[in-house]
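Student: Could you take me through the nonpolar core of this protein, and then show me how it compares with what lies at the surface? I would enjoy one connected walk through it.

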Amino acid sequence: MRPGAGVVLGALGVLAFSMSLPATRVAVHTLDPWFVAFGRAVGAALLAWAYLRVTGAPRPTRDQWRRLSIVALGVVVGFPLFTSLALTTQTSAHGAVVVTVLPAMTAVFAVLRAGERPPPLFWIASAAGLALVLAFLAAGGSIRGTLAPADLFLLAAVVLCGLGYAEGGRLARELGGARTICWALLLSLPVTVPVTAVAAFVHRPQGGVAAWTGFGYLTVVSMFLGFFAWYAGLARGGIARVGQIQLAQPVLTLIWSAVLLGEAVTPGALVVAGAVLACVVLIQRTRSGATPARARGGSSSAGRPTPGGASSAGRDGAGHAGDVRVADEVS
């Protein structure tokens, strides 16, 4: 484990992801949201196939394929689809405030997947962060008895992305950051290719330079290169520590939304974002002191080398390895 390298790689991943919502907002302005969500995954899968061929990566085991399906559900299908649908009617600045709870959701799934027993304060802080976001939506008129569809889409995106981040971070300790996202992209092709084809047939892709530039960024950076750094950072520095870097993502997204798109960032949005960030900091601190329980199934057995070349010994109940060698370097 190399915490210093993990922090640097995690910061690069967050920087890449912070542009995702503004780029999506630009792309779906003229392109069909279903085409944007699934088409970028198809394009990234082509890059992933080339990378795996060049590096000669071994195929994952049956258990790793199962866990890769969770990663694919969260970050290849779920988050891109629901954010694309939401940003057809909402601004990326609004989405950034809702996505502020993503670090907390990542920590929650890291706890659930690792089998830890966090103190009650952990869950209190998580609920407080979610309540603040819901209060922000209500004050902005988004909630009128029920959540608006765009806000439901954003909340669904956050839940699925948190799951994909946590599972991918654990799996990257065996496969490496690059191979984890590459195999997840290839695993998703039976879903992403047909949906992209149908979307392109129903709504012929026609967009200007800005729309295609946004689509290109989502394909190459948000869906591909950003995960090289992010998952490698989680594997090297630990999900709990590197996950804290996500605290900067909503703030960066608000800045990009204002500078690049000219969207209004209200003082209320900044206040809510800051308050939620405080809850997330508390969550991270309580999680660090959580009492680990016996891990439930999961990753490879101690001391048995994985196909990616990683070995683990002395893995504790929190899912952390006492001696972990990451399989591949970030290219």
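Tutor: Happy to; we will start with the chain as a whole, go into the core, and then come back out to the surface.

Please keep in mind that this is a predicted model. The chain has 331 residues, and buried ones make up 55% of them. Its secondary structure comes to 14 helices and two strands. Contacts reach across the sequence too: among those with a separation of 6 or more, 87% are between residues 24 or more positions apart.

Now for the core itself. The largest nonpolar core holds 80 residues, and the members that touch the most others are V76, Y165, L185, W230 and Y231. Helix α8, residues 149-175, supplies the largest share of this core, with 12 residues. As general background, nonpolar side chains tend to be buried together in soluble globular proteins.

Let us stop at V76, one of those well-connected members. Setting aside neighbours within four places in sequence, V76 is in contact with A37, A41 and V71, and also with I181, A184, L185, S188, T192 and M223. L185 is worth a second glance: this contact of V76 is itself on the list of residues that touch the most other core members.

Two cysteines deserve a look while we are inside. C161 has a relative accessible area of 1%, so it counts as buried, the limit being under 20%. C182 is buried as well, with a relative accessible area of 0%. As for disulfides, the count for the model comes to zero.

Moving outward, the accessible surface of the chain comes to about 13200 Å², and carbon and sulfur atoms account for 68% of that. Nonpolar side chains appear out here too: V251, I255, V259 and L260 form a surface patch with about 350 Å² of accessible area together. L260 has its place in helix α13, which covers residues 249-261.

A last stop is R25, in helix α2, residues 20-27. Its relative accessible area is 25%, so R25 is partly exposed, falling between the 20% limit for buried and the 50% limit for exposed. Not counting residues up to four places away in sequence, R25 touches L87, T88, T89, Q90, T91 and S92, together with L261 and E263. The C-alpha atoms of R25 and T83 are separated by 8.9 Å, although these two residues are 58 apart along the chain.

Methods: Residues are numbered from 1 along each chain as its sequence is written. This is a predicted model: local features need pLDDT of at least 70, side-chain atom pairs count only at pLDDT 80 or more; totals for chains, interfaces and linings use all residues. Side-chain values use heavy atoms; hydrogens and water are left out. Patches are made of residues with over 30% relative accessible area and no salt bridge: like charges are joined within 9 Å, nonpolar side chains (Val, Leu, Ile, Met, Phe, Trp, Tyr) within 5 Å. Accessible areas come from the Shrake-Rupley method with a 1.4 Å probe; for residues, only the protein chains shown count as cover. A salt bridge is a side-chain nitrogen of Lys or Arg within 4 Å of a carboxyl oxygen of Asp or Glu. Helices (H or I, at least four residues) and strands (E, at least two) are DSSP runs, numbered from the N terminus. A disulfide is a pair of cysteine sulfur atoms within 2.5 Å. Buried means under 20% relative accessible area, exposed over 50%, partly exposed in between (1.4 Å probe, protein chains only). A nonpolar core is a set of buried Ala, Val, Leu, Ile, Met, Phe, Trp, Tyr and Cys residues joined through side-chain atoms within 4.5 Å. Contact means heavy atoms within 4.5 Å.
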